[in-house]
Amino acid sequence: MPSKMPQRIEILGCEYQIQLVDDLGDDTPDLIIEGEIDVQRKQIAISSSKGVNREAVLLHETIHGILAQSGLTHQLDEKLEESIVTAIEEGLFYAGYRRVV
């Protein structure tokens with residue numbers, strides 16, 4: 001039985017709406033974006049494209065949200081933040097962390 005994507009998630013006391021989207025709209029053709037978080041709007045967008053691991057993407061975007069809500073993103077440049085988030089996401093995901101989606 002396929003599981004459903006949750007409609008919302010709470011990150012450090014703030015509720016974020018989760019949406020599956022067809023196009024994340026990046027203008028960089030060689031960059032594949034599977035998810036993004038908008039901290040101001042409290043929204044997480046996850047690609048509805050076939051083959052996207054939505055569990056991993058939701059975990060990845062949630063970690064971005066944790067860093068943002070805790071104020072740490074202001075201390076990191078974009079490349080370093082992405083490297084940290086990816087390392088934590090992969091470590092947790094491959095260690096067995098799963099959110100039912």
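**View 1. The S1-S2 hairpin, drawn from a predicted model.** S1 and S2 run antiparallel and are joined by four bridges. One of those pairings is easy to pick out: Ile 9 has Tyr 16 in S2 as its bridge partner. The two strands make a hairpin with two residues between them. Look for Leu 12 in that turn, where phi is positive at about 45 degrees.

**View 2. S2 meets S4.** On this pairing the sense is parallel, and five bridges hold S2 and S4 in register. Two partners are worth labelling. Gln 17 is matched with Gln 43 of S4, and Val 21 has Ser 47 of S4 as its bridge partner.

**View 3. The whole sheet, strand by strand.** Which order do the four strands take in the open sheet? Reading across, the order is S1-S2-S4-S3, with mixed pairing. S1 and S3 sit at the edges with a single partner strand each, so each has one side without a neighbour in the sheet. If you ignore direction, neighbouring strands of this sheet are turned by 25 degrees against each other on average. When following side chains along a strand, keep in mind that in a regular strand they alternate between the two faces of the sheet.

**View 4. The loop into H1, centred on Asn 53.** Asn 53 belongs to the loop between S4 and H1. Its relative accessible area is 33%, so Asn 53 counts as partly exposed. Glu 34 makes a handy second label here: Asn 53 and Glu 34 are 19 residues apart in sequence, with 8.6 Å from C-alpha to C-alpha.

**View 5. Helix H1 and its surroundings.** H1 covers residues 54-69, and a quick geometry check works out: at 1.5 Å a residue, its 16 residues should span 22 Å, and the end C-alpha atoms are indeed 22 Å apart. Is H1 largely enclosed or open? Twelve of its 16 residues are buried, so the helix is largely enclosed by the rest of the structure. Among the buried ones are Val 57, Leu 58, Leu 59, Ile 63 and Leu 67, and the list also includes His 60, Glu 61, Thr 62 and His 64. What do these buried residues of H1 pack against? The partners are strands S1 (8-11), S2 (14-21), S3 (35-38) and S4 (43-47), plus helix H2 (78-94). Just past the end of H1, look at Gly 71, which has a positive phi of about 85 degrees.

**View 6. The aromatic pair, Phe 93 with Tyr 94.** Searching the whole structure turns up one aromatic pair. Phe 93 and Tyr 94 meet edge-to-face, with 5.4 Å centre to centre and 85 degrees between the planes. Are the two residues buried or exposed? Phe 93 counts as buried because its relative accessibility is 5%, under the 20% cut-off. Tyr 94 has a relative accessible area of 67%, over the 50% cut-off, so Tyr 94 is exposed.

**View 7. Zooming back out.** The protein has two helices and four strands, which run β-β-β-β-α-α from the N terminus on. Of its 101 residues, 33% are buried. The accessible surface comes to about 6,900 Å², and carbon and sulfur atoms account for 49% of that. For the contact-map fans: among contacts between residues at least 6 apart in sequence, 59% join residues at least 24 apart.

Key: Residues are numbered from 1 along each chain as its sequence is written. This is a predicted model: local features need pLDDT of at least 70, side-chain atom pairs count only at pLDDT 80 or more; totals for chains, interfaces and linings use all residues. Side-chain values use heavy atoms; hydrogens and water are left out. The expected span of a helix is 1.5 Å times one less than its number of residues. Buried means under 20% relative accessible area, exposed over 50%, partly exposed in between (1.4 Å probe, protein chains only). Contact means heavy atoms within 4.5 Å. Two strands pair if DSSP finds at least two bridges between them. Axes are lines fitted to C-alpha atoms, for helices over the stretch in contact, and angles run from 0 to 180 degrees between N-to-C directions. Rings of Phe, Tyr and Trp (its six-membered ring) pair if their centres lie within 6.5 Å; planes under 30 degrees apart count as stacked, over 60 as edge-to-face and the rest as tilted. Accessible areas come from the Shrake-Rupley method with a 1.4 Å probe; for residues, only the protein chains shown count as cover.
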